[in-house]
Amino acid sequence: MAERSQERERERERDQPRIPRIRLDQPRERRARLLPEYDPEAFGRLSERIARFLGTGRFLVWMTLTIIVWVAWNIFAPASLKFDEYPFIFLTLALSLQASYAAPLILLAQNRQDDRDRVNLEQDRKQNERSIADTEYLTREIAALRMGLGEVATRDWIRSELQDLVRELEERGRERDLFPPDGERRSDVPDR
């Protein structure tokens, strides 16, 4: 009975198609795609160029001239040459189509600009953090230098100390009669 179950198991394995073993050390084969591939960056750059053009006065002038020519042609041209009669349905359709494409392109351009702004703000924030850290470091260093300078003798302090010492010596000399008052100058050299 065990032999029969093993035999049935082998028959099932033979009937099932073999799945190739997946290797991790080799790249996968490319799958066929239904949609064409495109470069998102190139499409984004194109959308930004279109959005920049749509936001200019030149675009508004050309659009206005086109509509004026369209309407004038379809009002004043001979009946056989008119292609869009008075309610101008084809013009409305063309403007709606232009607007339906312009709005997403403008939004895409704005999203890309927001992403760039976000990156710039993050870089500015990091730069500000570094500047603040540098400023705090320099502040601490200046404070340490000031504290160190408090212990260093300055020119004015030395001058005042020397003046005090000279006064003290003069006072001691008067006491011992080493330094007579200014009027009585004696010489160390005996008279000859």
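1. On one side of helix α2, the residues R49 and R52 are exposed, and they lie opposite the residues of this helix that are buried. As the model is a predicted one, this and the points that follow should be read as descriptions of a prediction.

2. The buried residues of α2 are G44, S47, E48, A51 and L54. They sit on the same side of α2, because the arc that they cover around the axis is only 125°. The cover over these buried residues includes α3 (57-76) and α4 (89-150).

3. The length of α2 is in agreement with what its residue count would suggest: the helix has 15 residues (residues 40-54), which at 1.5 Å a residue should span 21 Å, and the C-alpha atoms at its ends are 21 Å apart.

4. Within α2, S47 deserves a separate remark. This residue lies in the helix and has a relative accessible area of 1%, so it counts as buried, the cut-off for that term being under 20%. Leaving aside residues up to four places away in sequence, S47 touches L105, L108 and A109.

5. Turning to α3, the buried residues here are F59, W70 and N74. They cover an arc of only 15° around the axis, and therefore they fall on the same side of α3. The buried residues of α3 pack against α2 and α4, while α3 is itself part of what covers the buried residues of α2.

6. The face of α3 that is turned away from its buried side carries exposed residues, namely R58, L60, I68, V69 and F76. A reader following this helix in the structure can thus set F59, W70 and N74, which are buried, against R58, L60, I68, V69 and F76, which are exposed.

7. For α3, too, the expected and the modelled span can be set side by side: its 20 residues should span 28 Å at 1.5 Å a residue, and its end C-alpha atoms are 28 Å apart, which agrees.

8. A nonpolar patch on the surface is formed by W73, L81, F83, F90 and L93, which together have about 540 Å² of accessible area. One of these residues, F83, lies in the loop between α3 and α4. With a relative accessible area of 47%, F83 is partly exposed, because the term exposed is kept for values over 50% and buried for those under 20%.

Terms used. Residues are numbered from 1 along each chain as its sequence is written. This is a predicted model: local features need pLDDT of at least 70, side-chain atom pairs count only at pLDDT 80 or more; totals for chains, interfaces and linings use all residues. Side-chain values use heavy atoms; hydrogens and water are left out. Helices (H or I, at least four residues) and strands (E, at least two) are DSSP runs, numbered from the N terminus. The expected span of a helix is 1.5 Å times one less than its number of residues. Buried means under 20% relative accessible area, exposed over 50%, partly exposed in between (1.4 Å probe, protein chains only). The arc is that of the directions from the helix axis to the C-beta atoms. Contact means heavy atoms within 4.5 Å. Patches are made of residues with over 30% relative accessible area and no salt bridge: like charges are joined within 9 Å, nonpolar side chains (Val, Leu, Ile, Met, Phe, Trp, Tyr) within 5 Å. Accessible areas come from the Shrake-Rupley method with a 1.4 Å probe; for residues, only the protein chains shown count as cover. A salt bridge is a side-chain nitrogen of Lys or Arg within 4 Å of a carboxyl oxygen of Asp or Glu.
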